[in-house]
Amino acid sequence: MTPLYTDHCLSFQIDGQDIKGRIIRLDMPLNKILAHYDHPDDVKRELGKAMVLTAMLGSMMKFDGILTLQISSDGIIKTLISDFATDGSGSGVVRGYYRTDDDIKSPEMSILGQGQLMITMDQGQYMDRYQGIVKLEGGSLKKSAEEYFYASEQLPTKLMISCDKQRDGSWCAAAIMIQHLARNTTDEKDSETTEDQQQDQWNHASIMLSSIKNEELLNKELSLQDLLFRLYHESGVRVFSATEIMVGCRCSEDKLRTVLANFDTEELKDIAKDGIITMTCDFCKTDHKFELKKLIN
Ligand SMILES: [Zn+2]
């Protein structure tokens with residue numbers, strides 16, 4: 001039996017074609033984070049989509065680093081941040097959070113409205129920091145991400161992202177993307193395919209991608225590898241690697257103590273309550289507590 005690959009990202013290539021892709025499905029990290037929110041499902045769903053997209057993009061990083069996806073919007077969700085930290089193996093930890101207006105009951109308001117999507121890749125000493133900004137196209141994360149890929153890599157990209165509650169009440173998010181690679185003229189195989197044929201192959205692969213149903217992408221009983229085979233069995237599909245997406249947070253008291261060091265004594269007294277300063281991590285909602293007198297001495 002093929003592994004299901006839940007909480008994994010697979011990279012693949014369509015056999016004999018200049019088309020590569022990735023497919024990912026999230027369960028544990030997603031449920032852990034979404035459990036913190038008491039908002040309507042439609043609002044929580046956007047964080048799920050953003051997290052699965054972040055993990056998929058992050059798993060493409062070749063070096064030890066962090067990929068951060070940041071959304072600012074005039075919709076119900078004002079700010080959304082998700083990041084993925086990897087040691088360069090492609091496996092890593094994803095987390096995320098969002099902030100809304102106090103009142104999110106207004107039904108006419110879109111969840112993600114106009115705004116921007118910013119993606120930052122920080123791979124420390126190994127590569128220059130990269131930052132790409134695109135408009136939040138009509139509140140659609142999928143369209144904005146496709147636009148981002150085109151702007152950053154100049155590669156045509158097709159994407160499907162999906163996030164929904166399952167029958168058992170748990171959440172699942174999944175995404176799949178394909179990219180049309182630039183033609184490598186030195187590759188012998190390519191000499192057999194004309195540009196028209198390549199375009200046809202790309203169009204066909206794109207149509208197949210958009211034919212996937214949400215139920216298939218999110219079906220935790222269906223292996224990601226089997227799903228790829230369902231889509232691309234005609235031409236054949238080769239899976240290269242499976243990387244693991246894990247739960248976790250990088251907040252620490254040491255980091256927060258550095259933040260607090262920027263405040264002067266009066267400011268610290270203002271934010272303290274009964275001699276204790278509580279700082280809550282936006283991502284994992286852990287309360288970190290500091291004694292005021294230890295900070296000002
Ligand atoms: Zn945390």
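**View A. The largest nonpolar core of the predicted model.** This core holds 65 residues. The members with the most contacts inside it are Ile24, Met51, Val52, Leu53, Ala55 and Ala175. The model shown here and in the other views is predicted. In soluble globular proteins, nonpolar side chains tend to be buried together.

**View B. Met51 and its contacts from elsewhere in the sequence.** Met51 is one of the core residues with the most contacts. Neighbours within four places in sequence are left out here. Met51 then touches Leu26, Pro29, Leu30 and Ile33. Ser82, Val94, Gly96 and Ala173 are also in contact with Met51.

**View C. Helix H3 and its buried face.** H3 covers residues 141–153, 13 residues in total. From first C-alpha to last, H3 reaches 18 Å, close to the 18 Å expected at 1.5 Å a residue. Its buried residues are Leu141, Ser144, Ala145, Tyr148 and Phe149. Seen down the axis of H3, these buried residues fall within an arc of 140°, so they line one face of the helix. They pack against helix H2 (41–58). They also pack against four strands: S6 (115–122), S7 (130–135), S8 (157–165) and S9 (171–180). Just after H3 comes Gln154, with a positive phi of about 55°.

**View D. Gln179 in strand S9.** Strand S9 contains Gln179. Is Gln179 buried or partly exposed? Gln179 has 19 other C-beta atoms within 10 Å, and a residue needs 20 or more to be buried, so Gln179 counts as partly exposed. Lys158 is 21 residues away in sequence, yet its C-alpha is 6.6 Å from that of Gln179. With neighbours within four places in sequence set aside, Gln179 is in contact with Lys20 and Gly21. Phe149, Leu155, Pro156 and Thr157 complete that list of contacts. Phe149 is also among the buried residues of H3.

**View E. Asp7, ahead of strand S1.** Asp7 sits in the segment before strand S1 (8–14). Its phi is positive, about 60°, although Asp7 is not a glycine. Asp7 counts as partly exposed because it has 19 C-beta neighbours inside 10 Å.

**View F. The two domains and their contact.** The domain assignment gives domain 1 as 8–247 and domain 2 as 253–296. Their C-alpha centres lie 36 Å apart. Domain 1 gives 4 residues to the contact, and domain 2 gives 4 residues. On the domain 1 side, the touching residues divide into 1 nonpolar, 2 polar and 1 charged.

**View G. Arg257 in helix H8.** Helix H8 spans residues 253–260 and includes Arg257. Arg257 has 14 C-beta neighbours inside 10 Å, so Arg257 counts as partly exposed. Ile277 lies 20 residues from Arg257 in sequence. In space, the two are 11 Å apart, C-alpha to C-alpha.

**View H. Lys285 between two strands.** Which loop holds Lys285? Lys285 lies in the loop between strand S11 (276–280) and strand S12 (287–291). Its phi is near 65°, a positive value in a residue other than glycine. Lys285 counts as partly exposed because it has 14 C-beta neighbours inside 10 Å.

Definitions and conventions:
Residues numbered from 1 in each chain as written. Predicted model: local features only at pLDDT ≥ 70, side-chain atom pairs only at ≥ 80, totals over all residues. Core = buried A, V, L, I, M, F, W, Y, C linked by C-beta atoms within 7 Å. Buried ≥ 20, exposed ≤ 12 C-beta atoms within 10 Å, placed from the backbone. Contact = placed C-beta atoms within 7 Å. Domains from an automatic or database assignment. Nonpolar A, V, L, I, M, F, W, Y, C, P; charged D, E, K, R; others polar. Expected span 1.5 Å × (residues − 1). Arc of directions from axis to C-beta.
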